Amino acid sequence: MFGVRIENLHMSYGDREVLHGITLEVKPGEMFFVLGPSGCGKSTLLRGIAGLVPSAAGHMFIGETEVTGMPPYMRNTGMVFQNYALFPHLTVGGNVAYGLRLRDVAKDEIADRVRRMLALVGLPGYESRKPAELSGGEQQRVALARAVVVEPQVLLLDEPLSNLDAKLRLKMRRDLKAIQKRLGITTVYVTHDQREALSLADRVAVINDGNLEQTGAPREIYFRPINRFVAGFVGEMNIIQGKVKDVEGASVLFDTPLGTLAVSTEGVLRQGQILDLVFRPEDVQLSYKKGVSGKVVYSAFEGFQEEVSVEVDGAGVLKAFVKGKTSPMAQEGDEIKVAVEEGRIRVFPHVNHR
Ligand SMILES: Nc1ncnc2c1ncn2[C@@H]1O[C@H](COP(=O)(O)OP(=O)(O)O)[C@@H](O)[C@H]1O
Ligand SMILES: [Mg+2]
């Protein structure tokens, strides 16, 4: 198996640079995600790895081989494009066989490999259909089969599920992961969908505007985001201000609109310093007993959970996710108490955000 190593990669279109020095390492066999908002440079990064767009500076390795500057056909990557890009005039079998024909594989072997690959992606016997006769999900599987049948060293997936409806997307997520693990193929998967990344990835790299912000396991980037951008992109967040009251080793006491909170922090803090305390809606506890009083300004039942927004003096509106119940947790206008799970609070430098 082959890993991918990217060192200080810069990529530009004309004189506009869109990747500003990306460094990352994908381990052999890993399902590696690149997550970021639309336009941040994800597709450009994949095109760079595939050799479809030349890099402006930096180095790329597949396994031990430096591939910087190599044309696409010498790189042995397989790519699934966002819009699938199937050949409409070819049958499913013809689409999947395409790369094998280019490589002069013997006819019998082609038929055999196409048959096995279609079975693997859950489309046995689809050889003679045309792409236009397939659903979006089926086209997606054909694109995957076409990319994988040539046994690439690296599989590159560009938002492969974004054209599918919500239910199918969830099913294909599980199928994709199973297929990737079965083949054991090193995969770089780019998406703007944080749930897709969190649920499928071995590790995730978060990119913002052509810069890599953080790389880590899904739980690491979700629970220990390195900065405000990552915190806000991989989940929702509440921000309150805290003033350092006391420092006790790694634990810092903050005066906040939600009372005194003890938070473990990394940097050195001094008394009186103002910082932003960031926490997720699911770490907000609402009750009629414990916490600081607030007023419910919004509540929406979403099935498995209920979103409740509460206005608290000095904190603004805080969002809470609570488990959906048969009767509503609270209604707009209700007084309720708000507390936060201290262990889940992240501390970032204060930014004037209101
Ligand atoms: N072929 C191109 N020519 C010029 N600019 C491009 C081209 N492709 C993408 N861009 C620009 O580069 C930036 C990154 O695009 P892209 O890599 O497609 O982002 P993402 O895939 O994360 O949505 C965007 O600002 C986009 O408009
Ligand atoms: Mg894209």
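1. Start with where the two domains meet. In this predicted model, domain 1 and domain 2 bury about 880 Å² between them. Carbon and sulfur atoms give 42% of that area. On the domain 1 side, keep an eye on three residues: Y222, F223 and R228 supply 56% of the area that domain 1 buries against domain 2, and no other three residues supply more.

2. Now for the domains themselves. The domain assignment splits the chain into domain 1, covering residues 4-233, and domain 2, covering 238-349. Measure from one C-alpha centre to the other and you get 39 Å. How many residues does each domain bring to the contact? Domain 1 brings nine residues, and domain 2 brings 10.

3. Next, have a look at ligand 1. Its surroundings are made up of Y13, R16, V18, P37, S38, G39, C40, G41, K42, S43, T44 and R47. Sorted by class, this shell holds four nonpolar, five polar and three charged residues.

4. Some side chains in that shell come with distances worth checking on your screen. For T44, a polar side-chain atom sits 2.5 Å from an oxygen atom of ligand 1. For K42, an N or O atom of the side chain is 2.8 Å from a ligand 1 oxygen. For R16, the distance from a polar side-chain atom to an oxygen of ligand 1 is 2.9 Å. As for cover, ligand 1 on its own would expose 560 Å², and the protein buries 62% of that.

5. Which elements give two or more residues to the shell around ligand 1? They are strand β2 (16-26) and helix α1 (42-50). The top contributor is α1, which gives four residues. So when you colour by element, α1 is a handy place to begin.

6. Finally, pick out S299, which belongs to strand β16, residues 292-301. Setting aside neighbours within four places in sequence, S299 is in contact with E306, E307, V308, A330 and E332. One of those partners also has a polar atom pair with S299: the backbone oxygen of A330 lies 3.3 Å from a polar atom in the S299 side chain. For a sense of scale, try D255 too. S299 and D255 are separated by 44 residues in sequence, and their C-alpha atoms are 28 Å apart in space.

Conventions. Residues are numbered from 1 along each chain as its sequence is written. Chains are lettered from A and ligands numbered from 1 in the order in which they are written. This is a predicted model: local features need pLDDT of at least 70, side-chain atom pairs count only at pLDDT 80 or more; totals for chains, interfaces and linings use all residues. Side-chain values use heavy atoms; hydrogens and water are left out. A residue is near a molecule or strand if one of its heavy atoms lies within 4 Å of it. A polar contact is a pair of N or O atoms within 3.5 Å; within protein, one must be able to donate a hydrogen and the other to accept it, and residues adjacent in sequence count only if both atoms are side-chain atoms. Accessible areas come from the Shrake-Rupley method with a 1.4 Å probe; for residues, only the protein chains shown count as cover. Ala, Val, Leu, Ile, Met, Phe, Trp, Tyr, Cys and Pro count as nonpolar, Asp, Glu, Lys and Arg as charged, and the others, Gly among them, as polar. Domain bounds come from an automatic or database domain assignment. Contact means heavy atoms within 4.5 Å. Buried area is the accessible area (1.4 Å probe) that two parts lose on being put together, summed over both.
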